[in-house]
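Open the model in your viewer and keep the selection tool at hand. The stops below go from the whole chain to single residues.

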Amino acid sequence: MPPFYVTTPIYYVNDAPHVGTAYTTVNADAIARWHRLMGDDVLFLTGTDEHGAKIAEAAAAHSMSPQQWTDTTVQRFRACWKSLDIGYDRFIRTTEPGHHDTVRRFLQRIYDRGYIELGTYSGLYCISCEDYYLEEQLEDGNCPIHHRPVVAMEEDNYFFKLSAFEGRLLKWYEDHPDAVLPVAKRNEALGFIRGGLRDISITRTSFNWGVQVPWDERHVFYVWYDALVNYLTAVGYGSDSDRFDHWWPVAHHLIGKDILKFHCVWWPAMCMAADIDPAPHVFVHGFLLVGGERLSKTLVARSGEDGGEGQTTSPVRLTEIAPDALVDDFGVDAVRYHLLREVPLGSDGEFSYEGIVSRYNADLANNLGNLLSRVATVVGSKCGGTGPACDPQSPLAAAAGTAVQDAIDAWNRWAPHEALEATWRLIGAANAYLEATEPWKLDPGPDVDAVLGSALEALRIVTVLVSPAMPSTAGALWNRIGFVGSPADQRLPDAAAWGGYPGGLAVEKGAALFPRRKP
Ligand code: MSP
């Protein structure tokens with residue numbers, strides 16, 4: 001079984017999860033499930049980023065200690081991911097003692113190799129970004145992302161000699177053309193590097209909510225330096241070399257475009273400084289936008305604090321963008337499907353309530369739901385509820401073959417929207433086939449059996465193909481067309497070869513999977 005290691009960013013626990021963080025997590029989950037279906041040995045890591053000034057500030061604002069605050073907020077992430085059916089293998093918290101050990105071990109190694117030095121830093125700092133800005137990057141004196149004042153800071157800091165890695169990073173990207181995808185994002189990373197790299201400050205003395213620097217206990221590591229190391233902690237860096245050698249060479253980081261610099265410039269340089277290979281794959285996705293402005297929790301918090309929804313270019317209503325609220329409203333798989341299908345992974349796209357409703361009605365109620373309900377109804381009326389066997393010569397076989405090939409190809413390119421589009425072409429072909437043959441008008445007999453056996457076979461294949469995107473719907477479909485167990489136990493590509501529906505299984509219509517919604 002080839003190993004496959006996929007990670008999400010670890011999310012700040014200064015506030016609750018939102019649709020933006022759910023977007024990354026659902027995509028990573030679907031990709032992990034896809035690889036399991038292909039028979040790979042998968043490790044799917046997600047978690048929470050719990051240190052830094054921003055978290056300490058949020059805790060103080062709620063009159064809690066940082067530890068109490070993170071212990072409380074992490075539960076909201078776990079609950080939200082549960083409601084979204086996220087099947088991670090490991091949930092890491094950066095406050096875990098084992099993670100502190102890994103951070104210290106990793107950075108001590110970089111220090112020992114001479115890539116960390118003491119210096120003084122003065123600059124303009126945005127607490128929400130946990131990053132410094134240059135005067136000319138500010139907008140009206142404010143952080144260009146969070147639109148809040150930056151603070152002048154001067155600290156004795158340890159610096160990581162990022163500047164020493166310009167040449168090595170360029171060489172790495174030259175030797176690894178697929179290291180950052182899509183290509184436009186790779187070019188952005190190269191642009192950063194070619195623009196010249198300055199050494200970066202990696203420790204703080206102004207607060208102590210972080211991992212203590214092993215060689216100087218007055219300092220804690222800057223939160224990004226501790227956070228990135230989570231990807232190593234989870235695979236046993238410095239503590240379990242077999243585990244590390246198994247997973248690290250197949251690491252795939254899925255991230256949003258806002259954190260490209262950290263993952264595609266700083267992180268590979270840090271790995272090189274510690275004398276390990278950088279993660280071989282980073283996939284950078286775009287942003288979901290509401291009315292053109294980024295739907296981030298800091299902005300939502302800002303509009304709440306100011307009591308002014310007019311602060312954003314369009315009103316952002318938290319109740320409409322909290323993932324669990326959407327799940328309560330539409331059902332988990334409708335939300336997952338929308339997040340995977342609506343916007344090509346890698347591009348920016350609009351997120352709207354109306355968009356979910358219209359895709360739900362078109363794709364889920366009218367196409368997938370309708371196919372199952374028609375087939376089950378006619379199997380009930382013409383075949384006594386027992387599904388006939390698949391017709392090996394069916395005209396649907398070719399459409400299925402193409403859909404399967406296209407879906408496999410698209411999932412392998414991390415293009416869930418295309419994979420689902422291909423899967424829906426098969427659903428469309430099966431519905432069109434039923435409309436052309438009208439089995440409901442035929443007398444029971446071999447012709448009806450051939451048509452329904454083929455439609456059931458198409459449904460079987462569709463069920464397997466949609467299972468990474470919609471695990472619980474796929475489970476229900478699987479049982480309704482007569483199988484026991486779960487489609488997740490199937491293995492591709494064999495499970496999608498035409499001819500697998502055996503016949504003789506009890507087909508159950510049941511309640512509508514996706515009742516139509518009012519537009
Ligand atoms: N803690 C850091 C990451 C450290 S990883 C070593 C962080 N956390 S975050 O909570 O702010 O999450 C950022 C990530 O959330 C983005 O990279 C992206 O994956 C996701 N998104 C946040 N807002 C988003 C949108 N509006 N649209 C899509 N994804 C969004 O940064």
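The tour starts with the overall chain and then moves to strands, a helix and backbone details.

**Whole chain**

This is a predicted model. Show the whole chain as a cartoon: it has 19 helices and 18 strands. Align the view to the principal axes, and the C-alpha atoms fill a box of roughly 85 × 50 × 40 Å.

Is the radius of gyration what a compact globule would have? For 519 residues the globule value is near 24 Å, and the chain has 26 Å, which agrees.

Now colour by burial. Of the 519 residues, 57% count as buried. Switch to a surface: the chain exposes about 20,300 Å², with 50% of that supplied by carbon and sulfur atoms.

Select the charged side chains next. There are 44 positive and 66 negative charges, and their mean positions lie 2 Å apart.

Draw contacts if your viewer allows it. Take those between residues at least 6 apart in sequence: 77% of them join residues at least 24 apart.

**Strands β5, β7 and β9**

Select residues 116–126, strand β5, together with residues 151–160, strand β7. The two pair in the antiparallel sense, over 10 bridges. Zoom in on Ile116. Its bridge partner in β7 is Phe160.

Keep Phe160 selected and add residues 200–201, strand β9. Which residue of β9 is the bridge partner of Phe160? It is Ile200. Phe160 thus has a bridge partner in β9, Ile200, as well as being the bridge partner of Ile116. β7 and β9 run antiparallel and are joined by 2 bridges.

While side chains are on display, one general point helps. In a regular strand they alternate between the two faces of the sheet.

**Helix α2 and the residue after it**

Go to α2, residues 53–61. Which of its residues are buried? They are Ala53, Lys54, Ile55, Ala58 and Ala59. Note that Lys54 is on that list. Show what surrounds these buried residues: they pack against β2 (11–12), β3 (41–49) and α3.

Step past the end of the helix. α2 is followed by Ser63, with a positive phi near 50 degrees. Ser63 sits in the loop that leads from α2 to α3 (66–83). Is Ser63 buried or exposed? Its relative accessibility is 70%, and the cut-off for exposed is over 50%, so Ser63 counts as exposed.

**A second positive phi**

Select Asp275. This residue is not a glycine, yet its phi is positive, near 70 degrees. Look for Asp275 in the loop between α10 (260–273) and β13 (281–285). At 49% relative accessibility, Asp275 counts as partly exposed.

Why flag such residues? Most residues other than glycine have a negative phi, and most peptide bonds are trans. The second half of that rule leads to the last stops.

**Two cis peptide bonds**

Select Leu181 and Pro182. The peptide bond between them is cis, with omega near -10 degrees. Pro182 lies in the loop between β8 (180–181) and α6 (183–194).

Then jump to Leu492 and Pro493. Here too the peptide bond is cis, and omega is near 5 degrees. Pro493 is in the loop between α19 (471–480) and β18 (505–506).

How values were computed: Residues numbered from 1 in each chain as written. Predicted model: local features only at pLDDT ≥ 70, side-chain atom pairs only at ≥ 80, totals over all residues. Heavy atoms only, no water. Pairing = 2+ DSSP bridges. Helix = DSSP H or I, 4+ residues; strand = E, 2+ residues; numbered from the N terminus. Buried < 20%, exposed > 50% of the residue type's maximum accessible area, 1.4 Å probe, protein only. Rg over C-alpha atoms; globule rule 2.2 N^0.38 Å. Contact = heavy atoms within 4.5 Å. Areas by Shrake-Rupley, 256 points an atom, 1.4 Å probe, with all protein chains shown as cover. Lys, Arg positive; Asp, Glu negative; His and termini not counted. Charge placed at Lys NZ, Arg CZ, Asp CG, Glu CD.
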